[in-house]
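Here are some short exercises to work through with the structure open beside you. Try each task first, then follow the solution step by step.

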Amino acid sequence: MSHIPQRLTNYSIQMKNILIIGSTGQIGSELTMKLRQIYGGQHVVAGYIPGAEPKGELLESGPAEICDVTDGEALQRICEKYSIDTIYNLAALLSVVAERKPLLAWKIGIDGLLNVLEVARTHGCAVFTPSSIGSFGPETPAQLTPQDTVQRPRTIYGVSKVTTELLSDYYFHKYGVDTRAVRFPGLISNVTLPGGGTTDYAVDIYYSAVRGERFVCPIAAGTYMDMMYMPDALRAAVELMEANPDRLIHRNAFNIAAMSFEPNQIFEAIRKYRPQFEMTFEVDPLKQSIATSWPDCLDDTCARQEWDWKPEYDLDAMTRDMLEKLEQKLRA
Ligand code: VAH
């Protein structure tokens, strides 16, 4: 019997056939394993691109297919081969890499999304394509950012995320495609390193701490951003996709929040357990300009009201778990 978390037994977990696009990325590598625990390994197809092949348990625990989100015909073939009814589309360039490759970011993020939505429309799939706090800009209210507010991001990452939200809503309203999404904060994981994001410092700092190295922080003191531990993020995605659709007023994309901190706060949270830990600052101009354009903290009332969202990790709980898991990992 596959492990179904207590919270998910509230709904009848219909057997699903799921495709994860980007299954070996920072979110995908863990979300694929979580979905296989819930729905059974053979019901979750790990989509990947050449050069980012699944390895180890991810490879051995279920089917895998080369799945380039910009190849609509390949996507169609995979959905037919496995009778896919749910697509988690995690294909994207993160904010810093996207700023350096804006056309590629758009091609993957939006041309790719259109392929996913067209396959979903013709195949009857539900779709989860995450947005981000990066979908907000400098004119957005920074404190307790509302679910519905002005979104004028100044990054191609943010522009592509606003477009993702609007396109996903369009396919729901025009064609009835069951699209749902959240706006992820910065995600912190002990499994897969992030790849080129503005919030990566909040992962890198833990690696410096367990290696006994001084951390050189690229984000200026006092720069607040929403952050979330990966276990909470994965649970949010699954619980939203399992939520009762009759309760959903919003769809793409729900604000979700867990903690908001600036670099000195995560540094102090680590020093509580590693008193010798040191940090200095070397501010990265690009990362800092992106970080200051994002909100400080989101209001996630709608997610809590419409599908019972609730975080389980705060900064101290995440820090304890990250230090413990990274030490095990680095000792192995
Ligand atoms: C990034 N980690 O920094 C991603 C994320 C909200 C941050 O979108 O680009």
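A residue counts as near a molecule if one of its heavy atoms lies within 4 Å of it. Keep in mind that this is a predicted model.

**Exercise 1. The ligand**

Task: Find which residues surround the ligand, and work out how the shell divides into nonpolar, polar and charged residues.

Solution:
- Step 1. List the neighbours: L94, S95, S132, I133, Y157, F184, P185, G186, G197, T198, T199 and W294 surround the ligand.
- Step 2. Sort them: the shell has six nonpolar residues, six polar ones and no charged ones.
- Step 3. Look for contacts with oxygen atoms of the ligand. An N or O atom in the side chain of S95 is 2.5 Å from one ligand oxygen atom, and a backbone N or O atom of T198 lies 2.7 Å from an oxygen atom of the ligand.
- Step 4. Turn to nitrogen: a polar side-chain atom of T199 is 3.0 Å from a nitrogen atom of the ligand.
- Step 5. Check the cover. On its own the ligand has 270 Å² of accessible area, and the protein covers 95% of that.

**Exercise 2. A proline beside the ligand**

Task: Decide whether P185 is buried or exposed, and say where P185 is placed.

Solution:
- Step 1. Locate the residue: P185 sits in the loop between β8 and β9 (186-188), and P185 is one of the residues around the ligand.
- Step 2. Apply the cut-off: buried means under 20% relative accessible area. P185 has 7%, so P185 is buried.
- Step 3. Look across the fold: S260 is 75 residues away from P185 along the chain, and their C-alpha atoms are separated by 9.1 Å.

**Exercise 3. A sheet of three strands**

Task: Work out in which order the three strands of the open sheet stand, and why one side of β6 and of β12 lacks a neighbour.

Solution:
- Step 1. Read the order: the strands run β6-β8-β12, with parallel pairing.
- Step 2. Find the edges: β6 (131-132) and β12 (254-255) each have a single partner strand, so each has one side without a neighbour in the sheet.
- Step 3. Zoom in on one pair: β6 and β8 (residues 182-184) are joined by two bridges. S131 has R183 as its bridge partner in β8.

**Exercise 4. Checking a helix**

Task: Test what span helix α8 should have, and count how many of its residues are buried.

Solution:
- Step 1. Take the 12 residues of α8 (residues 230-241); at 1.5 Å a residue, they should span 16 Å.
- Step 2. Compare: the end C-alpha atoms are 17 Å apart, which agrees.
- Step 3. Count the cover: 11 of the 12 residues of α8 are buried, among them M230, D232, R235 and E239.

**Exercise 5. Unusual backbone spots**

Task: Find which residues have a positive phi although they are not glycine, and which two residues a cis peptide bond joins.

Solution:
- Step 1. Start with S83, in the loop between α3 (72-81) and β4 (86-89). S83 has a positive phi of about 50° and counts as partly exposed at 47% relative accessibility.
- Step 2. Go on to D308, in the loop between α11 (301-307) and α12 (315-331). Its phi is positive too, about 65°, and at 39% relative accessibility D308 is partly exposed.
- Step 3. Finish with the cis bond: N252 and A253 are joined by one, with omega about 20°. A253 belongs to the loop between α8 and β12.

Terms used:
Residues are numbered from 1 along each chain as its sequence is written. This is a predicted model: local features need pLDDT of at least 70, side-chain atom pairs count only at pLDDT 80 or more; totals for chains, interfaces and linings use all residues. Side-chain values use heavy atoms; hydrogens and water are left out. Helices (H or I, at least four residues) and strands (E, at least two) are DSSP runs, numbered from the N terminus. The expected span of a helix is 1.5 Å times one less than its number of residues. Buried means under 20% relative accessible area, exposed over 50%, partly exposed in between (1.4 Å probe, protein chains only). Two strands pair if DSSP finds at least two bridges between them. A polar contact is a pair of N or O atoms within 3.5 Å; within protein, one must be able to donate a hydrogen and the other to accept it, and residues adjacent in sequence count only if both atoms are side-chain atoms. Accessible areas come from the Shrake-Rupley method with a 1.4 Å probe; for residues, only the protein chains shown count as cover. Ala, Val, Leu, Ile, Met, Phe, Trp, Tyr, Cys and Pro count as nonpolar, Asp, Glu, Lys and Arg as charged, and the others, Gly among them, as polar.
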